[in-house]
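Open the model in a viewer and set it to a cartoon view. The stops below say what to select next and what is found there.

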Amino acid sequence: MARLYTRTDAGRRTWDTQNTRVPLDCRRVLGVVGQDTSAADICAKLGWSGPAVKAILDELEEGGLVKSVDMGPDRNELDFTDSFRIEDIQAAQQRMREGLDFTGPLSADDLRAAQEKKQAPKRR
């Protein structure tokens, strides 16, 4: 799974001070990492190989200078390899229509309240 990296406060301080106890290649990667940065973006910006960047990111994460989260396929990878059938979409629409229930009581007071709510100025 792909991961997104974010510089921590400790990482920001290290980058800001250019702490020489942190190797130069690690500082370079740290300088590219922002909020939710992918390893692929870092590779593209620095022109380095994926394994080299991954090793440095692992080291930075172990040292608490960056943190990462798993992107997961549900957030970033859309799958359009299957086919859509119009019949399935129409059937889903029909089920939604059938699920609507307008058979309950509706009073004049309810209608007045809905009309007043519609006409009231919107607050921000």
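The tour goes from the whole chain to the sheet, then to the helices, the core and a few single residues.

**Whole chain**

This is a predicted model. Start with everything shown: the chain has seven helices and three strands. Read from the N terminus, the order of elements is β-α-α-β-α-α-β-α-α-α. Colour by relative accessible area next; 21% of the 124 residues count as buried. If you draw a contact map, look at pairs at least 6 apart in sequence: 67% of those contacts join residues at least 24 apart.

**The sheet**

Select residues 3–7, which form strand S1, together with S2 (37–38) and S3 (66–70). The three strands make an open sheet in the order S2-S1-S3, and the pairing is antiparallel. S2 and S3 are the edge strands, each pairing on one side only.

How many bridges join S1 to S3? There are five, and these two strands run antiparallel. To see one place along this pairing, show Thr6, which stands opposite Lys67 in S3. On the other side, two bridges join S1 to S2, again antiparallel. Here, show Tyr5 and its bridge partner Thr37 in S2. Strands in a sheet are held in pairs by backbone hydrogen bonds, so a backbone display suits this stop.

Stay on S2 and select Ser38, which lies in this strand. Is Ser38 buried or exposed? Its relative accessibility is 14%, so Ser38 counts as buried, the limit being under 20%. Setting aside residues up to four places away in sequence, Ser38 touches Arg3 and Leu4.

**Helices H3 and H4**

Now select residues 39–46 for helix H3 and residues 50–62 for helix H4. Their axes are 9 Å apart and the packing angle is about 115 degrees. The crossing is right-handed. Show side chains for the contact: H3 contributes Ala39, Ile42 and Cys43, while H4 contributes Gly50, Val53 and Leu57. Sorted by class, this contact has five nonpolar residues, one polar residue and no charged ones.

Bring the sheet back into view and keep H4 selected. H4 lies across S1 and S3, and its direction makes an angle of about 115 degrees with S3.

Pro51 is also in H4. With 63% relative accessibility, above the 50% limit, Pro51 counts as exposed. Put a distance label between the C-alpha atoms of Pro51 and Ala39: these residues are twelve apart along the chain, and the separation is 9.6 Å.

**The core**

Hide the cartoon and show side chains. Nonpolar side chains tend to be buried together in soluble globular proteins. The largest nonpolar core here has 15 residues. Those with the most contacts inside it are Val29, Val33, Ile42, Leu57, Leu60 and Val66. Helix H2 (24–32), H3 and H4 each supply at least two residues of this core.

Which residues does Leu60 contact, leaving aside neighbours within four places in sequence? They are Cys26, Val29, Leu30, Leu65 and Val66.

**Thr14**

Move to helix H1, residues 9–17, and select Thr14 within it. Thr14 is buried because its relative accessible area is 10%, under the 20% limit. Apart from residues up to four places away in sequence, Thr14 touches Asn19, Val22, Leu30 and Leu65. Leu30 and Leu65 are also among the contacts of Leu60.

**Two positive phi values**

The last stop is for a backbone torsion display. Most residues other than glycine have a negative phi. Where is Gln18 found? Select the loop between H1 and H2, which holds this residue. The phi of Gln18 is near 50 degrees, a positive value in a residue other than glycine. Its relative accessible area is 33%, so Gln18 is partly exposed.

Then select Asp36, in the loop between H2 and S2. Asp36 is not a glycine, yet its phi is positive, at about 55 degrees. Asp36 has a relative accessible area of 42% and is therefore partly exposed.

Terms used
Residues numbered from 1 in each chain as written. Predicted model: local features only at pLDDT ≥ 70, side-chain atom pairs only at ≥ 80, totals over all residues. Heavy atoms only, no water. Axes fitted to C-alpha atoms, helices over the stretch in contact; angles between N-to-C directions. Helix = DSSP H or I, 4+ residues; strand = E, 2+ residues; numbered from the N terminus. Left-handed = near helix turned anticlockwise from the far one by under 90°. Contact = heavy atoms within 4.5 Å. Nonpolar A, V, L, I, M, F, W, Y, C, P; charged D, E, K, R; others polar. Pairing = 2+ DSSP bridges. Core = buried A, V, L, I, M, F, W, Y, C linked by side-chain atoms within 4.5 Å. Buried < 20%, exposed > 50% of the residue type's maximum accessible area, 1.4 Å probe, protein only.
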